[in-house]
Amino acid sequence: MDFLPRSQGPFAPWDHVIRTADGDGLEEVLDATRVAVRRLDPSTSRTASLDLSVSQCASLVPDDIAEVRRPVSYQGMRNYIGRMTMPSQAHESHAGWFESRNEQENYRDLLTGEPVVQMVTQPMRLAWPIGARVRTHVPDALHLRADGQVTLVDITRRSRLQTAEALAIFRLTQATAHRMRWRYQLRGELTPQHQRNISLIYAHRHCSAGTAGWLARLATMPAVQQIADAAGALGPPARPSYSAVWHLVATRHLFVDLAAPLTPDAVIRRRPSPPRSTRCLISR
C-alpha cells in the first residue's frame with residue numbers, strides 16, 4: 001500500500017540505470033534527484049507529503065517522517081511481514097514494518113549492535129531522472145544514532161547482488177545517501193548461528209525486573225570475563241542469572257560476539273570491541 005502519489009513518467013531502461021550507477025552522468029542525476037517523504041507533525045500525528053531535493057533532506061531525522069508505504073498480506077504469499085517496536089525520541093509508542101525474516105533479524109541485530117535512538121522503516125521514495133525517464137526505490141529503513149549519525153539502510157539477499165540491476169539500485173542509493181551526508185548500509189543475511197543468538201538476546205530486550213540491581217552490580221564487575229562468571233555475579237547466591245546477562249547485552253550494557261556460540265566460557269565485555277567481520281555488504 002503506497003501513501004504517495006504515483007511517480008510520473010516511464011521507467012528508465014536498465015542498461016541506462018547501470019551505466020549511471022557506474023558513474024556515467026551520476027552527478028547530474030543526483031543534482032536532479034527527487035525525494036518523496038511524508039512529514040509528520042508530532043503534535044497532531046498528521047502527515048503531509050513533500051517532494052524534496054537531495055540537499056533538503058540533509059536535516060531530516062527519522063522522527064520527522066512516517067513510512068511512505070506499507071506491506072500488505074495476501075493469500076499464498078511466501079514472505080513474512082510484521083511490525084516491531086522502533087526507538088523514538090518524539091513518540092511514546094512507535095513501530096516499524098519488516099517484510100521478511102531477513103529484515104526482522106537484521107533490525108534486531110542493528111538495534112542490539114548500535115546505539116540507535118530513532119528509527120523508521122519505508123522512510124522515503126527516491127526518484128532518479130535518467131534521460132527522459134525515471135527509476136525509483138524505497139529504502140528499507142532510516143536510523144539515527146546517539147552520536148548524531150544518520151544512516152539509510154537496505155536489507156537484501158546476497159544472491160540478489162549477482163544481478164547488475166539490483167546492484168545498480170543499491171549503488172545509486174548509496175551515492176544519494178552520501179549526497180545527504182548520511183551513511184548507507186546494505187545488509188545481507190545473518191549466519192544461522194547469528195540468527196539463533198540474536199533471537200535469544202532480543203527476547204530479553206524488554207525484561208525490566210531487576211534491571212537497577214543488575215546495573216549496580218555491573219559497575220563492580222571486571223571489564224572482560226566469561227559469560228558464566230557474569231551470570232554468577234548478577235544472580236543470587238548459587239543461582240547464576242543468564243537472563244540478566246542476555247538483558248544487559250540486548251540493552252548494550254554488555255557486549256559479546258553474536259556471530260559465535262554463546263557458551264558459558266565465551267568472553268563478554270563491558271565495552272564494545274571491533275567486530276571480526278561486518279554484516280554489511282556496503283557500509284560507509
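The exercises below work through strands, a helix, backbone angles, cores and a pocket of one predicted model.

In this predicted model, local features need pLDDT of at least 70 and side-chain atom pairs count only at pLDDT 80 or more, while totals for chains, interfaces and linings use all residues. Residues are numbered from 1 along each chain as its sequence is written, and side-chain values use heavy atoms, with hydrogens and water left out.

**Exercise 1.** Determine how strand β9 is paired and whether it is enclosed or not.

Solution.
- Step 1: Helices (H or I, at least four residues) and strands (E, at least two) are DSSP runs, numbered from the N terminus. Strand β9 covers residues 141-145.
- Step 2: Two strands pair if DSSP finds at least two bridges between them. Strand β6 (residues 116-121) pairs with β9 in the antiparallel sense over five bridges, and M119 stands opposite H143.
- Step 3: Strand β10 (residues 150-155) also pairs with β9 in the antiparallel sense, over four bridges. Here L142 stands opposite L152.
- Step 4: β9 and β10 form a hairpin with four residues between them. In the turn, G148 has a positive phi of about 90°.
- Step 5: Buried means under 20% relative accessible area, exposed over 50%, and partly exposed in between (1.4 Å probe, protein chains only). Four of the five residues of β9 are buried, so the strand is largely enclosed by the rest of the structure.

**Exercise 2.** State which residues of helix α8 are buried and what they pack against.

Solution.
- Step 1: Helix α8 spans residues 242-250, and seven of its nine residues are buried.
- Step 2: The buried residues are A244, V245, W246, H247, L248, V249 and A250.
- Step 3: With contact taken as heavy atoms within 4.5 Å, these residues pack against elements including α3 (101-113), α5 (192-202) and α7 (227-234).
- Step 4: Just after α8, R252 takes a positive phi of about 65°.

**Exercise 3.** Place Q122 and R181, and say whether each is buried or exposed.

Solution.
- Step 1: Q122 sits in the loop between β6 and β7 (125-130). Its phi is near 50°, a positive value in a residue other than glycine.
- Step 2: Q122 is buried, with a relative accessible area of 1%.
- Step 3: R181 is in the loop between α4 (164-179) and β11 (183-187). Phi of R181 is near 65°, again positive in a residue other than glycine.
- Step 4: R181 is exposed, at a relative accessible area of 75%.

**Exercise 4.** Describe the largest nonpolar core.

Solution.
- Step 1: A nonpolar core is a set of buried Ala, Val, Leu, Ile, Met, Phe, Trp, Tyr and Cys residues joined through side-chain atoms within 4.5 Å.
- Step 2: The largest has 33 residues, and V35, M124, L142, M180 and W182 have the most contacts inside it.
- Step 3: α4 gives the most to this core, with seven residues.
- Step 4: Leaving aside neighbours within four places in sequence, the contacts of V35 include L50, L52, M124 and M180.

**Exercise 5.** Find which classes of residue line the second largest pocket.

Solution.
- Step 1: On a 1 Å grid over the protein atoms alone, a pocket is an open set of points where a 1.4 Å probe fits, with protein on both sides within 12 Å along at least five of seven lines; lining residues have an atom within 4 Å of a point.
- Step 2: The second largest pocket is lined by 21 residues, and E103, D140, I155, T156 and R160 lie nearest its centre.
- Step 3: Two or more lining residues come from each of α3, β10 and α4.
- Step 4: Ala, Val, Leu, Ile, Met, Phe, Trp, Tyr, Cys and Pro count as nonpolar, Asp, Glu, Lys and Arg as charged, and the others, Gly among them, as polar. The lining has six nonpolar, six polar and nine charged residues.
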